[in-house]
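Hi,

Here is the structure I promised to pass on. Have a look at it first, and then read on for what turned up.

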Amino acid sequence: MKNLFFFTLVILVLIACEGPIGPAGPAGKDGEGVSWHITSFTINTNEWKIKGNPGDLNSYFYVYKSLPKLTGFVYQWGTVIAYIEVAPGVKNEMPYVLHLGETANSKELIWTQTYDFDFTEGEVGFYVTYSDFNTQIRPGTETFHVVLMW
């Protein structure tokens with residue numbers, strides 16, 4: 001029984017070993033080895049571009065912003081997180097899904113408004129989609145915060 005216990009313990013130790021160490025990251029801010037960068041973007045109502053025509057199925061709004069700190073290394077080996085500032089001092093991680101409704105002409109209107117993002121090397125994209133595709137109404141001015149970690 002002792003041999004079985006010892007054998008099992010040896011197998012667990014061998015399985016639990018870590019793999020090879022990944023490549024070293026670039027030096028952080030001011031060479032201090034800091035491995036994060038935070039930036040903010042405020043997108044005004046008139047900056048939102050529409051994909052498709054207003055009111056078309058699958059239409060949505062988007063804006064692309066340059067982000068030079070999002071290098072190939074960060075893209076490949078790092079993490080990118082984005083937040084929308086929903087009120088002064090209040091942030092929500094994206095995607096941010098907001099269920100809304102109103103009454104117009106004695107009729108209930110219900111929809112979902114979703115804020116999302118994607119990224120590629122050197123650029124981040126922000127998106128607003130409406131579940132009812134009512135893209136005749138432009139999004140408001142929004143502030144987004146992007147966190148890069150590597």
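Before the overall pattern makes sense, a word on terms: helices and strands here are DSSP runs, with at least four residues for a helix and at least two for a strand, numbered from the N terminus. Keep in mind, too, that this is a predicted model.

With that in hand, the protein chain has two helices and nine strands. Going along the sequence, they come in the pattern α-β-β-β-α-β-β-β-β-β-β.

The strands are where most of my notes are, so let's take the sheets in turn.

One open sheet is built from five strands in the order 2-3-8-7-6, with antiparallel pairing. Its edges are strand 2 (49-51) and strand 6 (96-104), each of which pairs on one side only. On average, neighbouring strands in this sheet are turned by 25° against each other, ignoring direction. If you want a spot to zoom in on, try strand 6 and strand 7 (residues 107-120): they run antiparallel and are joined by nine bridges. Within that pairing, Gly 101 has Ile 110 of strand 7 as its bridge partner.

The other open sheet I noted has four strands, in the order 1-9-4-5, and the pairing is again antiparallel. Strand 1 (36-43) and strand 5 (90-93) are at the edges; each has a single partner strand, so one side of each has no neighbour in the sheet. From one strand to the next, the twist averages 30°. Four bridges hold the antiparallel pairing of strand 4 (residues 79-87) with strand 5. There, Tyr 83 has Glu 93 in strand 5 as its bridge partner.

Now for the surface. Which residues form a nonpolar patch there? They are Trp 36, Ile 38 and Met 149, which together have about 300 Å² of accessible area. Met 149 lies in strand 9 (residues 142-149). Its relative accessibility is 32%, so Met 149 counts as partly exposed, given that this class runs between the 20% limit for buried and the 50% limit for exposed.

Finally, some totals for the protein chain. The accessible surface is about 10,200 Å², and 57% of that belongs to carbon and sulfur atoms. Of the 150 residues, 27% are buried. As for contacts between residues at least 6 apart in sequence, 61% join residues at least 24 apart.

Happy browsing!

Notes: Residues numbered from 1 in each chain as written. Predicted model: local features only at pLDDT ≥ 70, side-chain atom pairs only at ≥ 80, totals over all residues. Heavy atoms only, no water. Pairing = 2+ DSSP bridges. Axes fitted to C-alpha atoms, helices over the stretch in contact; angles between N-to-C directions. Buried < 20%, exposed > 50% of the residue type's maximum accessible area, 1.4 Å probe, protein only. Contact = heavy atoms within 4.5 Å. Areas by Shrake-Rupley, 256 points an atom, 1.4 Å probe, with all protein chains shown as cover. Patch = residues over 30% accessible without salt bridge, like charges linked within 9 Å, V, L, I, M, F, W, Y side chains within 5 Å. Salt bridge = Lys/Arg side-chain N within 4 Å of Asp/Glu carboxyl O.
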